[in-house]
Every structure is written in C-alpha cells, then in structure tokens.
Amino acid sequence: MTARKTAIITGAGQGIGLAIAEKLAAQSINLVLNDLEENLVTEACDKISLQHGVPAIPVGGDASDEKIIDRLIQTAVSNFGSVDILIANAGITLFGDFLSYKREDFLEVTRVNQVGNFFLTQAAAIQMKSQGKGGAILLTSSVTAHQSHENLAAYAMSKAALEMLAKNLVLELAPFGIRVNTIAPGATMTNRTALDPNYEKTWSKLTPLGSPASPEDIASAAAFLVSDASKHITGQTLVVDGGWTSISPSPYE
C-alpha cells in the first residue's frame with residue numbers, strides 16, 4: 001500500500017488556498033494548513049477532515065516568519081513523517097501609484113511575497129532532500145508578473161521574482177527529484193474580490209472566456225502541477241486567466 005503524501009499549504013484559510021486544500025484532500029493527501037487568521041484555518045481544517053476523512057492540521061500565523069516556517073515543517077514531519085508537497089500560496093497586495101508608493105508598503109510586500117516564500121521554499125526543499133524521494137513545490141504568482149496593471153508595480157515585481165526563483169531552483173533541486181513550478185492566476189472570484197460589486201461583471205467583459213476564474217479553476221491547475229501527472233515539468237509557470245494576458249484589456253478604461 002502506497003503511503004499517503006503530505007502537503008503544506010499557506011494562505012489556506014479561504015479562497016484559492018482553501019480550494020487547493022480541498023482538491024488535495026479529495027486525493028487523500030494529508031494536510032498542514034496555514035493562514036494568518038488562525039480561526040479561518042482552524043475552521044478550514046475541521047471542514048476538510050469532516051468532508052474528506054483525511055487529517056488536516058492548522059498552523060496559524062505569518063508564513064513569512066521563520067518560527068512559523070519551522071512549525072509548518074516540524075508539524076508535517078512529526079505528524080505524518082514527511083513533506084512531499086509545498087504550495088506557497090500566502091501573499092499580500094498593497095495597491096499604490098508608483099510615484100507616491102511608500103517605502104514601508106514596498107518592504108512589507110517584499111517581506112511577505114519574496115522573503116517569506118523564499119525561505120519557506122528553502123526549508124521544504126531541505127526536508128525533501130533529506131527524505132531522498134523527491135517532492136513538488138508550487139509558488140503562487142500572478143498575471144501581473146506578465147502584464148502591467150495599474151497601481152501594482154511592487155506586487156507585480158514580487159510575483160515575477162517567484163517565477164524566476166522557480167526557474168533558478170531547477171539547477172539546484174532537480175538532481176534531488178524536487179520539482180518547482182509557479183501558477184499565475186488571473187481575475188478570480190474569491191471572498192476578497194467579491195467585496196467589489198462590479199468585479200464579476202467587469203472581468204467577465206475583459207476575459208476572453210467570458211468570466212473570471214473560480215477558486216476551483218485555479219485549484220485544478222495547482223493540483224496537476226504537484227501531482228505525478230506532471231512529473232516531467234519543472235521551472236515552469238502556468239497562467240490560468242481565461243485568456244486575459246493574450247490581449248490584456250485594462251479594467252480601468
């Protein structure tokens with residue numbers, strides 16, 4: 001009998017991260033889930049365990065904090081024996097015009113999106129290497145890493161950095177059977193975007209396939225990239241945007 005795989009997913013309390021967790025739970029993958037809001041991730045774990053019958057352990061806190069990174073790795077290893085999959089999904093968006101963008105906002109976006117995900121990836125890769133059986137790492141990028149978008153210069157820069165990280169890590173991690181890819185979601189209907197009453201209507205007009213993505217659309221692509229079905233794919237970015245980046249109409253026009 002093949003042992004169950006174990007996945008760590010950050011930013012998993014709601015939205016895309018939660019949808020990915022549910023997708024992996026349906027495949028009987030053990031889960032260690034993180035979110036900055038501890039109550040959200042605790043509720044998510046309870047829901048997943050009840051619906052899918054797989055263990056899901058919550059770890060609340062800032063996923064860019066080295067102590068939380070250590071807790072995530074140790075929770076997975078102590079409870080399930082391994083880290084087989086990492087989905088580094090946690091990130092923040094701080095909008096602002098480039099010419100007046102605040103230094104503290106830039107540093108915060110960089111701290112969470114780049115520094116945090118870099119060292120979380122490092123910690124997971126070290127653990128995967130020690131296990132000697134490979135692994136799959138997925139970083140969450142954005143279409144803004146591919147096409148310009150108003151008021152998102154710092155955010156786009158941070159997401160583009162993750163795509164370059166995945167490419168560069170092919171050199172160091174492929175010899176150990178560790179794959180690293182990124183996924184770049186476009187407009188997606190989440191709890192946050194639903195707060196904008198015009199979001200769905202606007203992006204339905206701008207998206208060639210006629211609607212923004214659902215979290216499940218992104219989750220399906222993510223699940224593929226960390227599965228054995230993609231065992232010969234590494235260093236790549238999969239854009240899931242309904243075709244928006246092909247023509248890139250602005251939502252502000």
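**Exercise 1. In this predicted model, place T190 in the fold, decide whether T190 is buried or exposed, and list what T190 touches outside its sequence neighbourhood.**

Solution. Start with the secondary structure: T190 sits in the loop that runs between β6 (178-185) and α6. Next, take the accessibility of the residue, which is 15% in relative terms, so T190 counts as buried, the cut-off for that label being under 20%. Then turn to the contacts, where neighbours within four places in sequence are set aside; T190 is in contact with G15, I16 and P215. Finally, a distance across the fold can be added: I57 is 133 residues away from T190 in sequence, and the two C-alpha atoms are 23 Å apart in space.

**Exercise 2. Carry out the same analysis for I218: which helix holds the residue, is I218 buried or exposed, and which residues are in contact with I218?**

Solution. The first step is the location, and here I218 belongs to helix α7, which spans residues 215-225. The second step is the accessibility: the relative accessible area of I218 is 1%, and the residue is therefore buried. The third step is the contact list, which again leaves aside neighbours within four places in sequence and consists of I16, I183, P185, T188, A213 and V240. I16 also appears among the contacts of T190. As a last step, consider V239, which is 21 residues from I218 along the chain and whose C-alpha atom is separated from that of I218 by 9.4 Å.

**Exercise 3. How many aromatic pairs does a search of the whole structure find, and what geometry do the pairs F118 with F119 and Y199 with W203 have?**

Solution. Begin with the count, since the search of the whole structure finds three aromatic pairs. For F118 and F119, the ring centres are 4.9 Å apart and the planes stand at 70 degrees, so this pair is edge-to-face; the cut-off for that class is over 60 degrees. The surroundings of these two rings can be read from their accessibilities: F118, at 40%, counts as partly exposed, and F119, at 39%, counts as partly exposed as well.

For Y199 and W203, the centres lie 6.3 Å apart and the planes make an angle of 45 degrees, so the pair is tilted. Both residues belong to helix α6 (residues 199-206), where they are four residues apart, about one turn of the helix. Y199 and W203 are both buried. To complete the picture, ring pairs join Y199, W203 and W244 into a cluster.

**Exercise 4. Which backbone feature do N151 and S248 show, and where in the chain do these residues lie?**

Solution. The background to this exercise is that most residues other than glycine have a negative phi. N151 is not a glycine, yet its phi is positive, at about 70 degrees. This residue is found in the loop between β5 (135-140) and α5 (153-173), and with 28% relative accessibility N151 counts as partly exposed. S248, likewise not a glycine, has a positive phi of about 55 degrees. Its place is the segment after α8 (244-247), and at 23% relative accessibility S248 counts as partly exposed.

A further loop residue may be examined alongside these. D97 is located in the loop between β4 (85-88) and α4 (103-131), and its relative accessible area of 40% makes D97 partly exposed. L152 is 55 residues from D97 along the chain, while the C-alpha atoms of the two are separated by 7.6 Å.

**Exercise 5. Describe the chain as a whole: how many helices and strands are there, and why is the chain said to be as compact as a globular protein of its length?**

Solution. Count the elements first: the chain has eight helices and seven strands. Then compare the radius of gyration, 17 Å, with the 18 Å that the globule rule gives for 253 residues; the two values are close, so the chain is as compact as a globular protein of that length. Along the principal axes, the C-alpha atoms fill a box of roughly 55 × 35 × 35 Å.

The next step concerns burial and contacts. Of the 253 residues, 49% count as buried, and among contacts between residues at least 6 apart in sequence, 71% join residues at least 24 apart. The last step turns to surface and charge: the chain exposes about 12,300 Å², of which carbon and sulfur atoms supply 54%, and the mean positions of its 18 positive and 25 negative charges are 6 Å apart.

Note on methods. Residues are numbered from 1 along each chain as its sequence is written. This is a predicted model: local features need pLDDT of at least 70, side-chain atom pairs count only at pLDDT 80 or more; totals for chains, interfaces and linings use all residues. Side-chain values use heavy atoms; hydrogens and water are left out. Rings of Phe, Tyr and Trp (its six-membered ring) pair if their centres lie within 6.5 Å; planes under 30 degrees apart count as stacked, over 60 as edge-to-face and the rest as tilted. Buried means under 20% relative accessible area, exposed over 50%, partly exposed in between (1.4 Å probe, protein chains only). Helices (H or I, at least four residues) and strands (E, at least two) are DSSP runs, numbered from the N terminus. The radius of gyration is taken over C-alpha atoms; the globule rule is 2.2 Å times the number of residues to the power 0.38. Contact means heavy atoms within 4.5 Å. Accessible areas come from the Shrake-Rupley method with a 1.4 Å probe; for residues, only the protein chains shown count as cover. Lys and Arg count as positive and Asp and Glu as negative; His and the chain ends are not counted. The place of a charge is taken as NZ of Lys, CZ of Arg, CG of Asp or CD of Glu.
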